[in-house]
Amino acid sequence: MLKKVNSLLSKARYHIWPLSIFLAITVIMILSWFRTGILYGGGDVGLPTYNPIRLSSIVKDIWWDVHAPGFPYPSALTSIPLYSTLAILQTVGMSPVAIQAILFSTLLFLTGLGMYLLFFEATSSKSRVLSFIAALFYMLNPYMEVQIWHRFVHTSFFLAAMMPLITYVYIKLIKSKRLFWYLVFLFISFAFSYIYGSLSFMVIIWIPILTYSIWNNFFRNLKILILVFVSWLAINIWWLYPFWTTGPTLFAQIHSIYASIATLLSLSNQNPISVVLRGINSFYTFGENIWVGGYGHFLMQLISWSIPLVTLIGIYSIIVSKKRHFYVWIFLFLLAIFVSKGTAAPFGHPFLLAFSKSFLLGAFRNPFEKFGILIPFASAFIFPIGIEKICFFLKSKFSGKRILAYVFISTLLVLEFIIYPWPMWLGEIFGSKSQSALVEVPEDYIRANAWIKDENKSGRILHLPFVTGDAVTYSWEKGYNGIEPSSLLFSTPSVSNGFGLEQVDHSLASINIIFTSNSFDQKSLANVFSNLNIRYIVLHKDIDWKARVLVNPDAIEKVLFQISFIQKKVTFGDLVIYEIDDSFFTPKVFTAEVYNVLTGGSIGFSIWPEIYENESWPVFFATPVNDNQDELSAQSNLNYSITSTHTILTPSSPLAYKENALAELPRPRFLPDSLFYSLILIKEQVQLVSSPAMNKHFVELDHAGKRLSEAHRLTEKGNIKLANRMIANYSKRFDKAVEIINQRQVGGLVDKTEKLILKTMLARHEIVLKDLNNLSALENMKIKLSDLGFVPFYELKEDIGMSKYGRKVFRFDVQKDVEYEILLKNSPSDSQYQGGLKTLVFQIDNEVKVLSANLKMGFLSFGTIKLDKGLHEISYNMVDSVNLSPEIGSQEWQLTGSVKQIGDATQPVFDFHTSKTDSSSLSFNIKDFDKNSIYRVDFDYWIKKGRGPILQVMQDSDWDVNGRRYMSIDKIYDKDNYSFYWNSGSIFFEPRLNTTEAVVKINGEPWNNCLAILGDKVACKIKEIGEDYNRESDFAIRNISVKRLLVNDVFLRSIDIAKDGVRNRQKIDINQISPSYYEGRLLLNGPTSLVFLTTFHPEWKVSLTKDGVSYVLPEKRHFLANGYGNLWYLNEDPGEYLIKIEFIPQKRFYKGITFSAVATISSVVVGIFFLRKKRND
Amino acid sequence: MIKKILKYIKSIALLLFVFAFFWFLNSGFLTNPLWPVIQAGLFTVLIFIIYKYPKIKLFFWFLTVGIFYISSSILEIFQLRDMAVMAASTGFGTLVVIILFQILKKD
């Protein structure tokens, strides 16, 4: 034993100076980073070291109740070891900053130590100097600086520290076959399990180990590799088992293959090989998100290029000197570059091909971030050899003055390890000047949390303004930018932000809708609070609402002030706490007879308070899920309401004309009866293969158009048989294109512009097909495009003044044959329309009808209609409102500078004159403004001299960045060489959802030709120089109008609505044992529903026990409640039952722990025997 | 004579295959649609030269890669991003071809 300790001490003494330097670097950096004594936080991780005790209590459950209304986070299980360790530090009294400093310093030191030991062990050189350079390189390379530390992704910190360490231990195990190294391997695997929170890192850590094993006597080491891998699985099965059995369904909802491909392509374009080779991320170093200055300077760029150049020399030296044990690292280096650059050149296609075939590869859609760590890892082996080679070369060149060689090498190392990563040394590594990463959580949060906790009442907190995404900006003393931290800062479950899941987010969007409604309704608010089991409201006045497009806290405060059932309780700084009266509070679990059924698109989940506006409080409704609607159809007394599953907006004018359609298709050079036609087909095939994945549908449609054009020419020539073959070929290509478009649409990648381009292409095809009179191809086209939601299913009629153009079509999936009332959301008001919308022409399926309107609560009712089960469409033509600009001559027109009103009072003209120094403007507020609208601004303009008018629409939600106001409409209408005298300007304007007021402004500014004359951007930006080139401008404006388009949504509601939607609401005696387990007693007197106000998940199961007999309610009786929660229809015999509500994956976690313990012990026992035998062999 | 012609045809077919293979590998390139083809041609020529003139020193090939890297850095300094990417990607592609060739040669 003593001998072993002595040997260990002598080894430590041998390596003492490099280890001391790593320690010194760590200490210097940590002192520099934490010199302010303030915590770092924000970004994707939030505040991981702020309160580890609380975090460790949250992550031990798969179901996160604290982020209400709840969601499963199986990947967070991996952080249990980390947070438990940090919780110990917090328990012994360490502050969050001290905990963070200790964590960062440990990781930083391990990063250097691990690489030093690995290089020393894995290479035969056994050189301390080279190992030291390798470790310095690994600690201080650009990738480590930007992608690991600056990005502030904590799993990456751990990966960077763990990878060299675990590879070193594995190599030691292979070489020594000692049990000690095997146990160390298992310990590291467990202690660093935090990294598996990023799924792809599970693969990454095995790549160096696998590569090394393959390169060095693979078959001899195979058994050890298998032993280690199986043991690794065994020690990680505690989280892997619940993760794999709960995760995939969630991922499928969040990412589709096409969405992943879109991300991959965009990131590959952003990180081409020139960037990947150096391990830098241009986005942060000299791109849009630059965090410190200097990296754009050419000297810094040259330093960054010295890394791949030295590595290149290293590779050359290794190959020439035949250092075979380094070949493995060259291979790993090439592999790392190849994968990290994604689809960028060279050789990008195989990556894309693999990606489009596998859903699991979606985890690598950002390959530079996920795989890139292998670049510095592999380079760390090659770089020192490059340095060594340069040193030898210089020494031989300047044999008399060897000092020159050392000076050169030292300078190079200083440039690369000190100058280039200067933000690491000077403590500028996190955050940026505009967005600091320093966080000081105000004391008010601690006091507010304590106050709510002391009240000791059940129910959730609603944080307002409600954040629809997951990120928030707070204007705390040091600021905060990152994921919404309320669920960490408050121990009561918090409804604070969205989940990224369409269904839940739409349901939560009702919160913002009720608070931004022009005429808020007390009952709607009560319904929303009931629906979410809200007890308290915390109003955050410290939120930067404009930056995140949120509702203004002042507007929310005004609404809250007027609500009779809410009491303002207490104020802590910028936090105001309100409490909801007991009589309006709804518990999380209760029974009720729920008669309302809402079906259709999930968009309906955000406006349900309006749909059920005429029902008494509280409103609850069920929605079939996973095709269990037949369970409902047996019940006759349900009230069905339907929202549209699709809305189609037809263009305001034809997209293609008969006269031009054929000419606008690709013109065939050779027809199919030509000898050269096969060459055309080869060319097309090559085009198709070489086209980027994102454009393939365009190429397919282009080729399809060519087939149509050929068919047309062949028909003219009388070759009908061949023409028909071409049309069949057309249909095949069209189907392929539709398939791609469909996948892209599912991934949310088809935006309005792309849709318009595709619709235009398809409109031309339709015209030519009609001309060719091919009915089957036309029918196929109609069905496919209707399925895509590009065109209506029913042909649009043009009776009673209806037009095919400018039509809004609502598609409904009717699930029950009953009579429905047609309702049009009456927002903002029917009075804005000519004649007050007393009648409106509708097309219902194939029939056109004039329907009269009745004004009901919040709706215009257009009578009733009997609809059968199946697909139906209701459409109307968009109607312009009256002009919403002020009356001519009214005081509401704001004129500044030199604007004169000329002409008669009925058609005035505004004459603008802009001098060399001043601007002129005309502005007015939009009357009866409503954010849920689309407006069109029209005007005529005549540019007489200089610069044309600038049309701006200013919203009170516009935000300022560096003194510049960002407006959604800010467009100049300038002169061109074609149109003179009067021209028309027209633009559509869709307000932001947090806007309450909008101003239309027409601006006149001086004309400036500085750039044209000087050609010097920098000089022209200097005010004194630029203004010298200002010239006067004159233009006139007339016929200004702002009109709202009637695009209000249509809903259907079954007419039997006399009875209440909810009856016999009963509290039940149930206790929450843990976030994923509830138990209690249930008294049933007859059929009813069990409502559980937690996010719907098919693995929430209810089991009932009566007279010793237990059973689980079948999944077909499990429905969505109010668009997000759980509802089970109960048709049990009357009596008292024991009830359990359980989230099943949590059980798997406990099973996983047991299995993991047994499997690890077993594998260790096997390992002991196996390694002993191996050593003896 | 026929044997010679057959040998030439075989060589050309092989080169065409290599060219097509590189083109296939490159088709995911985003910046310039012509570049994948040109680059595939360059790599084919490179393989042809390495095969035909094995006496060319390894140093020369590494120097070529280095020149591509240096060109890329200069082009980047002058804000010619697309060209910088082309130079760097050709350099890296050349490096991959050289290394693969070295490994195959040893085998």
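Leaving aside neighbours within four places in sequence, which residues is A:A134 in contact with? In this predicted model, the list runs A:M115, A:Y116, A:F119, A:A380, A:F381, A:F383 and A:P384. A:A134 is a good place to start, since together with A:M162 it has the most contacts inside the largest nonpolar core, a set of 299 residues. Helix α5 of chain A (residues 96-122) gives the most to this core, supplying 16 residues. Apart from that core there is another one, made of 21 residues, including A:Y973, A:A998, A:F1035 and A:I1040.

Now look at some strands of chain A. Strand β27 (residues 920-925) pairs with two others. With β24 (residues 894-896) it runs antiparallel, joined by three bridges, and one of the pairings here puts A:L895 opposite A:L922. With β34 (residues 998-1004) the pairing is again antiparallel, this time over six bridges, and A:S921 has A:N1003 as its bridge partner.

Further along chain A you reach helix α39, residues 1144-1176. Its 33 residues should span 48 Å at 1.5 Å a residue, and the end C-alpha atoms are indeed 48 Å apart, so the two agree. Among the buried residues of α39 in chain A are A:G1152, A:S1156, A:T1160, A:S1163, A:G1167 and A:L1171. It helps to remember that an α-helix has 3.6 residues a turn, so residues three or four places apart point the same way.

Finally, there's chain B. It brings 28 residues into contact with 33 residues of chain A. Helices α1 (2-26), α2 (35-52), α3 (58-77) and α4 (81-106) of chain B each supply at least two residues of that side. By type, the chain B side divides into 17 nonpolar, 10 polar and one charged.

Conventions. Residues numbered from 1 in each chain as written. Chains lettered and ligands numbered in written order. Predicted model: local features only at pLDDT ≥ 70, side-chain atom pairs only at ≥ 80, totals over all residues. Helix = DSSP H or I, 4+ residues; strand = E, 2+ residues; numbered from the N terminus. Expected span 1.5 Å × (residues − 1). Buried ≥ 20, exposed ≤ 12 C-beta atoms within 10 Å, placed from the backbone. Contact = placed C-beta atoms within 7 Å. Nonpolar A, V, L, I, M, F, W, Y, C, P; charged D, E, K, R; others polar. Pairing = 2+ DSSP bridges. Core = buried A, V, L, I, M, F, W, Y, C linked by C-beta atoms within 7 Å.
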